Amino acid sequence: MDEAERLIRQALSVTKAKFFPAASTADVSVPKRFSGYAARHFHVQIPEKSLTSSNARYATALIEVQVASVLMHAWSEVEHDLVYKPLEGALSGSELALLDQLNGLLLAGEIALEQLQRAGDERVAMAATPFRDHFELGEFLRSRVAGRGGQLTEATLGRVDVLFDYLADSNLLNATVIDPYLDSVEQDFESRPLAEKLADLMLSGDPSRYAAYQKAASKTRHPSNSRAKELPEQPATDAELLLGRFVSAWAELEALLASRFPDSRARPLVTTLRAALADGLVDDEEFQQLDSLRKLRNSIVHAPAVIIPLVELRQGAVQLEALRKEIIVRSGPN
């Protein structure tokens, strides 16, 4: 209910909100033991900025959004049909008491469902049980971030489906593996979503993990590619070879920086690059070059559908290899 209200207030302009149960106006001669209809009603308007010019006229329309559980909706339909649309006369005291009893049963059912959900969340969080699907992984990430005082939308959560496939293929799909990385993720998810930041920390400096993640991203965005394993292996294209060279060079650079800055795996790469600049391992121009290459790396890893010119891939790989050698020389013996 809270999540639904948050999304409504985020997407729409709320002019009025009414929460139920409201003050009772029932006949005191037939006392109710349970609270009755439980829901939240919102009078909303669509913000004009979110409408196209051809639909701008709808900005003045007043809309009511009613939020209730499936169980409560079913009970309210029955109550409304019986109390407000009686076929023959008003309901008897016995009938009203039965409606009250049904309301109590449904309220108990809602409480049981909430407890079941919490128990399932706790089981997944405490055990090494693999997540069953990307929805369960997403809810785990939401609850963890909420526990740290944050909130996630679909946009700031990111492509959990890609992350799920990568973790599943790499046998990393449980809370005990993910939790330590979550502790290190920056909480600013507006600039880049949580799924990307989490993946970056888990991939850092490991070429084999990069390959597994790119495979998961390709399979998730293009489901038909999942059948490729049934076909004979094809020779790698020039683009695939250059992608592999760039990613390997990037992973080797990350591994080198991790050896010089042991805590770098627990923080964003740009922070490590700034530390390398402060220590004289790179100069200002090289720092800017590495930051541009970092953005190219993000496009390759997290947006595989984006076509990158081969000359840019080749140039990037060469620059990374040269920078890595220069950093080794400047850092001296370990």
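## Helices, a small sheet and a few odd residues

V318 sits in helix α13, which covers residues 310-331. Keep in mind that this is a predicted model. With a relative accessibility of 40%, V318 counts as partly exposed, because that value falls between the 20% limit for buried and the 50% limit for exposed. Along the sequence V318 is 72 residues away from F246, yet their C-alpha atoms are 8.2 Å apart in space. F246 itself belongs to the stretch 238-260, which is helix α10, and that helix comes up again below.

As for the chain in general, it has 13 helices and three strands. Of its 334 residues, 35% count as buried. Take the contacts between residues at least 6 apart in sequence: 67% of them join residues at least 24 apart. The V318 and F246 pair, 72 residues apart, gives a feel for that kind of sequence separation.

### The sheet

How are the three strands ordered in the sheet? They run β1-β2-β3 in an open sheet, with antiparallel pairing. The edges are β1 (13-20) and β3 (63-67), each with a pairing partner on one side only. From one strand to the next, the twist averages 20°.

Now the pairings themselves. Strand β2, residues 39-45, pairs with β1 in the antiparallel sense over seven bridges. On the β3 side, β2 is again paired in the antiparallel sense, over five bridges. R40 of β2 is a handy residue for seeing both pairings: F19 stands opposite R40, while the bridge partner of R40 in β3 is V67. If you want to trace the sheet by eye, follow F19 to R40 and then R40 to V67.

Is β2 largely enclosed or left open? Five of its seven residues are buried, so β2 is largely enclosed by the rest of the structure. Helix α1 (residues 2-11) lies across β1, β2 and β3, and its direction is at about 5° to β2.

There's a backbone quirk just where β1 ends. F20 and P21 are joined by a cis peptide bond, with omega about 10°. P21 lies in the loop between β1 and β2.

### Two helix pairs

Two packed helices are described by the angle between their axes and the distance between the axes. Here are two pairs from this chain.

| Helix pair | Residues | Angle | Axis distance |
|---|---|---|---|
| α6 and α8 | 160-169 and 194-203 | about 25° | 9 Å |
| α10 and α11 | 238-260 and 269-278 | about 60° | 11 Å |

Start with α6 and α8, which pack at about 25°. That angle makes α6 roughly parallel to α8, because anything under 35 degrees counts as roughly parallel. Their crossing is left-handed. From α6, the residues V160, L163, Y166 and L167 meet A195, L198, A199, M202 and L203 of α8. By class, the residues of this contact are nine nonpolar, no polar and no charged.

What about the burial of α8? Nine of its ten residues are buried, so α8 is largely enclosed by the rest of the structure. The buried ones are L194, A195, K197, L198, A199, D200, L201, M202 and L203. Just after the helix, G205 takes a positive phi of about 75°.

On to α10 and α11, where the angle is about 60°. That makes α10 oblique to α11. This crossing is left-handed too. W250, E254 and L257 of α10 make the contact with L269, T272, L273 and A276 of α11. Here the classes are five nonpolar, one polar and one charged.

### One more loop residue

Where is N171? It lies in the loop between α6 and α7 (175-182). Phi of N171 is near 55°, which is a positive value in a residue other than glycine. Is N171 buried or exposed? With a relative accessible area of 69%, N171 is exposed, because that value is over 50%.

To sum up a quick tour: check the sheet order β1-β2-β3, then the cis bond at F20 and P21, then α8 with its nine buried residues, and finish at N171, with its positive phi.

Note on methods: Residues numbered from 1 in each chain as written. Predicted model: local features only at pLDDT ≥ 70, side-chain atom pairs only at ≥ 80, totals over all residues. Heavy atoms only, no water. Pairing = 2+ DSSP bridges. Helix = DSSP H or I, 4+ residues; strand = E, 2+ residues; numbered from the N terminus. Axes fitted to C-alpha atoms, helices over the stretch in contact; angles between N-to-C directions. Contact = heavy atoms within 4.5 Å. Parallel < 35°, antiparallel > 145°, perpendicular 65-115°, else oblique. Left-handed = near helix turned anticlockwise from the far one by under 90°. Nonpolar A, V, L, I, M, F, W, Y, C, P; charged D, E, K, R; others polar. Buried < 20%, exposed > 50% of the residue type's maximum accessible area, 1.4 Å probe, protein only.
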